[in-house]
Amino acid sequence: FDKSIAIFNEGLKLKPEDKYLLFNKADAIFSIGKNLFENGSVQSAKDTIKYGFELIDRVISIDPSWSESCYLNIGNTYLVFKDSINALSYYKKATPIAADVNIGTLYANYDRIDKAKQIWQQVLEIDSTVDLATYNIKAIDIPIGFSKTKKHTNQERFKCYYVYHYYLQYHIDYPFPVLFGKYSEPLPPLG
């Protein structure tokens, strides 16, 4: 990530108000924060994501039409940090379809599968083409596989459900897994 940050910094020297550079730099910062958090450096992780949030605030001030993607990204960051209250708060600022898919994922990752499934089914009643809701409902019944050489805590045994990361008219080009443990693996493709 250091190389990415250096590239973003060089670009921002030339175009300090470039929303694409700022947003992607924030995304890289959030990934660094996630790594710090997973390695037990909680305070460093919090300081790091705080800087990412400042970058996101700049993006919104430059172009308020980006607030949707920014709110989803902030919510996803809080979800990775297991801060469900703030994640939910930011998801609720987004458009209902994307917000509800992500809120369902939040519930699923806190083992509230019935609530998550209910939310995803409501999404599909509104728009039956929302692939992430369909995928997540099917994922409920997929068994979890683990490496026999690694020990897993209960927190690391969560399945990989998907969230909207960058909001693009209810759909994204690829699903973004929310991984709650170092050994979580994406689910296999569903037919």
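# Close-ups of a helical chain

**View 1. Helices α1 and α2 run roughly antiparallel to each other.** This is a predicted model, and the opening close-up looks at helix α1 (residues 2-14) beside helix α2 (residues 19-38). Their axes cross at roughly 155° and come within 10 Å; an angle over 145 degrees counts as roughly antiparallel, so that is the label for this pair. The crossing of α1 past α2 is left-handed. On the α1 side, the contact uses Ile 5, Phe 8, Asn 9, Gly 11 and Leu 12, and on the α2 side they meet Leu 21, Leu 22, Asn 24, Lys 25, Ala 28, Ile 29 and Ile 32. Sorted by class, that gives 8 nonpolar residues, 3 polar ones and 1 charged one.

**View 2. Leu 22 of helix α2 is buried, with 0% relative accessibility.** We stay on α2 here, since that helix is where Leu 22 sits. At 0% relative accessibility, Leu 22 falls under the 20% cut-off, so it counts as buried. Which residues does Leu 22 touch, not counting those up to four places away in sequence? They are Leu 12, Pro 16, Glu 17, Leu 55, Arg 58, Val 59 and Ile 62. Leu 12 turns up in the α1 side of the α1 and α2 contact too. As for Leu 55, 33 residues separate it from Leu 22 in sequence, yet the C-alpha atoms of the two are 6.0 Å apart in space.

**View 3. Lys 82 shows a positive phi without being a glycine.** The phi of Lys 82 is about 60°. Most residues other than glycine have a negative phi, so a backbone close-up is a handy way to look at this one. Lys 82 belongs to the loop that links α4 (67-80) and α5 (84-91). With 32% relative accessibility, Lys 82 counts as partly exposed.

**View 4. Lys 92 is an exposed residue in the loop between α5 and α6.** Moving along to the other end of α5, the loop leading to α6 holds Lys 92. Its relative accessibility is 59%, and that makes Lys 92 exposed. Leu 72 makes a useful reference point: Lys 92 is 20 residues from Leu 72 in sequence and 9.0 Å from it in space, C-alpha to C-alpha.

**View 5. Helices α4 and α6 are roughly parallel to each other.** The packing angle is about 0°, and the axes lie 11 Å apart. An angle under 35 degrees is enough for that label, so α4 and α6 count as roughly parallel. From α4, the contact draws on Leu 72, Asn 76 and Leu 79; from α6, on Ala 98, Ala 99, Asn 102, Thr 105 and Leu 106. No charged residues take part: the contact has 5 nonpolar and 3 polar ones.

**View 6. Helices α6 and α7 pack with their axes 7 Å apart.** Here α6 (residues 96-109) meets α7 (residues 113-126) at an angle of about 165°. That makes the two roughly antiparallel, and their crossing is left-handed. The α6 face is made up of Ile 97, Asp 100, Val 101, Ile 103, Gly 104, Thr 105, Tyr 107 and Ala 108, while α7 brings in Ile 113, Lys 115, Ala 116, Ile 119, Trp 120, Val 123 and Ile 126. By class, this contact has 11 nonpolar residues, 2 polar and 2 charged. Look for Thr 105 in both this view and the previous one, since it is listed for α6 in its contact with α4 as well.

**View 7. Thr 134 is a partly exposed residue of helix α8.** Helix α8 covers residues 131-139, and Thr 134 has 27% relative accessibility there. Leaving out neighbours within four places in sequence, Thr 134 is in contact with Leu 124 and Ser 128. Val 123, one of the α7 residues that meet α6, is 11 residues from Thr 134 in sequence, with a C-alpha to C-alpha distance of 9.2 Å.

**View 8. The whole chain, for orientation, has 8 helices and 2 strands.** Read along the sequence, the order is α-α-α-α-α-α-α-α-β-β. Of the 191 residues, 47% count as buried. Among contacts between residues at least 6 apart in sequence, 57% join residues at least 24 apart. The accessible surface comes to about 10,400 Å², and carbon and sulfur atoms account for 53% of it.

Note on methods. Residues are numbered from 1 along each chain as its sequence is written. This is a predicted model: local features need pLDDT of at least 70, side-chain atom pairs count only at pLDDT 80 or more; totals for chains, interfaces and linings use all residues. Side-chain values use heavy atoms; hydrogens and water are left out. Axes are lines fitted to C-alpha atoms, for helices over the stretch in contact, and angles run from 0 to 180 degrees between N-to-C directions. Helices (H or I, at least four residues) and strands (E, at least two) are DSSP runs, numbered from the N terminus. Angles under 35 degrees count as roughly parallel, over 145 as roughly antiparallel, 65 to 115 as roughly perpendicular and the rest as oblique. A crossing is left-handed if the near helix is turned anticlockwise from the far one by less than a right angle, and right-handed if clockwise. Contact means heavy atoms within 4.5 Å. Ala, Val, Leu, Ile, Met, Phe, Trp, Tyr, Cys and Pro count as nonpolar, Asp, Glu, Lys and Arg as charged, and the others, Gly among them, as polar. Buried means under 20% relative accessible area, exposed over 50%, partly exposed in between (1.4 Å probe, protein chains only). Accessible areas come from the Shrake-Rupley method with a 1.4 Å probe; for residues, only the protein chains shown count as cover.
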